[in-house]
Amino acid sequence: MLFPRFRSRERDLRSDVERLSIVEQAVNRAIADAESELIGLGKRLEDARARAAFLYGDVIDGETERDRESNELVDSAERFLVRGERRREELKSHFEVLYDLRRRVSDAMKGLAADGAED
């Protein structure tokens, strides 16, 4: 045999589409997971803000026997809120990457579809 045998173009396209479909599904699953996390985080932050407001009100009212305990609770709530907001920003940057990946995979799939139509 002078030249090796190659797979048909249709088989190559099918393999390429299957491969990209796996990536597309993984990216879509990651986006859905991140969206779910962001929704849950938002609810927890909203609840924590409401609780922190009540704690802060207690500190301002100056219940002397509980001042130290209340101050510690307010400090803890503040740390939680800062951590939550930081996580929210991290998730937003993850979305940028994930949406870019989804667009790139989609463009590649469209390119394959166009290549298949040309044959």
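A salt bridge is a side-chain nitrogen of Lys or Arg within 4 Å of a carboxyl oxygen of Asp or Glu. Keep that one handy, and let's start the tour.

What you have open is a predicted model, in which local features need pLDDT of at least 70 and side-chain atom pairs count only at pLDDT 80 or more, while totals for chains, interfaces and linings use all residues. Residues are numbered from 1 along each chain as its sequence is written, and side-chain values use heavy atoms, with hydrogens and water left out.

**Stop 1: the whole chain**

Show the protein chain as a cartoon. You'll find 2 helices and 0 strands; helices (H or I, at least four residues) and strands (E, at least two) are DSSP runs, numbered from the N terminus. Colour α1 (9-61) one way and α2 (67-118) another.

Now switch on the surface. The accessible surface comes to about 9200 Å², and 53% of it belongs to carbon and sulfur atoms; such areas come from the Shrake-Rupley method with a 1.4 Å probe, and for residues, only the protein chains shown count as cover. Of the 119 residues, 20% count as buried. Buried means under 20% relative accessible area, exposed means over 50%, and partly exposed is in between (1.4 Å probe, protein chains only).

How much of the contact at a separation of 6 or more is between residues 24 or more positions apart? The share is 87%, where a contact means heavy atoms within 4.5 Å.

**Stop 2: the largest nonpolar core**

Select Val-27, Ile-31, Ala-34, Leu-41, Leu-45, Ala-48, Ala-52, Ala-77, Leu-81, Leu-91, Phe-95 and Leu-98, and show their side chains. Together these 12 residues make up the largest nonpolar core, meaning a set of buried Ala, Val, Leu, Ile, Met, Phe, Trp, Tyr and Cys residues joined through side-chain atoms within 4.5 Å. Both α1 and α2 supply at least two residues of this core, with the largest share, 7 residues, coming from α1.

Zoom in on Ala-34. Leaving out residues up to four places away in sequence, Ala-34 touches Leu-91 and Phe-95. Apart from this core lies another, of 5 residues, including Leu-13, Leu-20, Val-105 and Met-109.

**Stop 3: Val-105**

Stay with that other core and click on Val-105, which is found in helix α2. Is Val-105 buried or exposed? Its relative accessibility is 7%, so Val-105 counts as buried. Setting aside neighbours within four places in sequence, Val-105 is in contact with Leu-20, Val-23 and Glu-24.

Try the distance tool between the C-alpha atoms of Val-105 and Val-27. These two are 78 residues apart in sequence, yet 9.2 Å apart in space.

**Stop 4: the aromatic pair**

Next, select Phe-95 and Tyr-99. The structure holds 1 aromatic pair, and here it is: Phe-95 and Tyr-99 are stacked, 5.6 Å centre to centre, with 20° between the planes. Rings of Phe, Tyr and Trp (its six-membered ring) pair if their centres lie within 6.5 Å; planes under 30 degrees apart count as stacked, over 60 as edge-to-face and the rest as tilted.

Both residues lie in helix α2, 4 residues apart, about one turn of the helix. Phe-95 counts as buried because its relative accessibility is 8%, whereas Tyr-99, at 36%, counts as partly exposed.

**Stop 5: the charged pairs**

Side chains of opposite charge can pair when their charged atoms come close. How many salt bridges does the structure hold? There are 12 salt bridges in the structure.

Go to Arg-49 and Glu-85 for one of them, at 2.3 Å, N to O. This pair links distant parts of the chain, with Arg-49 in helix α1 and Glu-85 in helix α2, 36 residues apart. Arg-49 is partly exposed at 40% relative accessible area, and Glu-85 is partly exposed too, at 28%.

Then pick Glu-37 and Arg-87, whose side chains meet in a salt bridge at 2.8 Å, N to O. Here Glu-37 sits in helix α1 and Arg-87 in helix α2, 50 residues apart. Keep Arg-87 selected and add Glu-90: these two also form a salt bridge, with their closest N and O atoms 3.1 Å apart. Glu-90 and Arg-87 both lie in helix α2, 3 residues apart, about one turn of the helix.

For your last selection, take Asp-100, Arg-103, Arg-104 and Asp-107, which are joined into one network by salt bridges that share partners.
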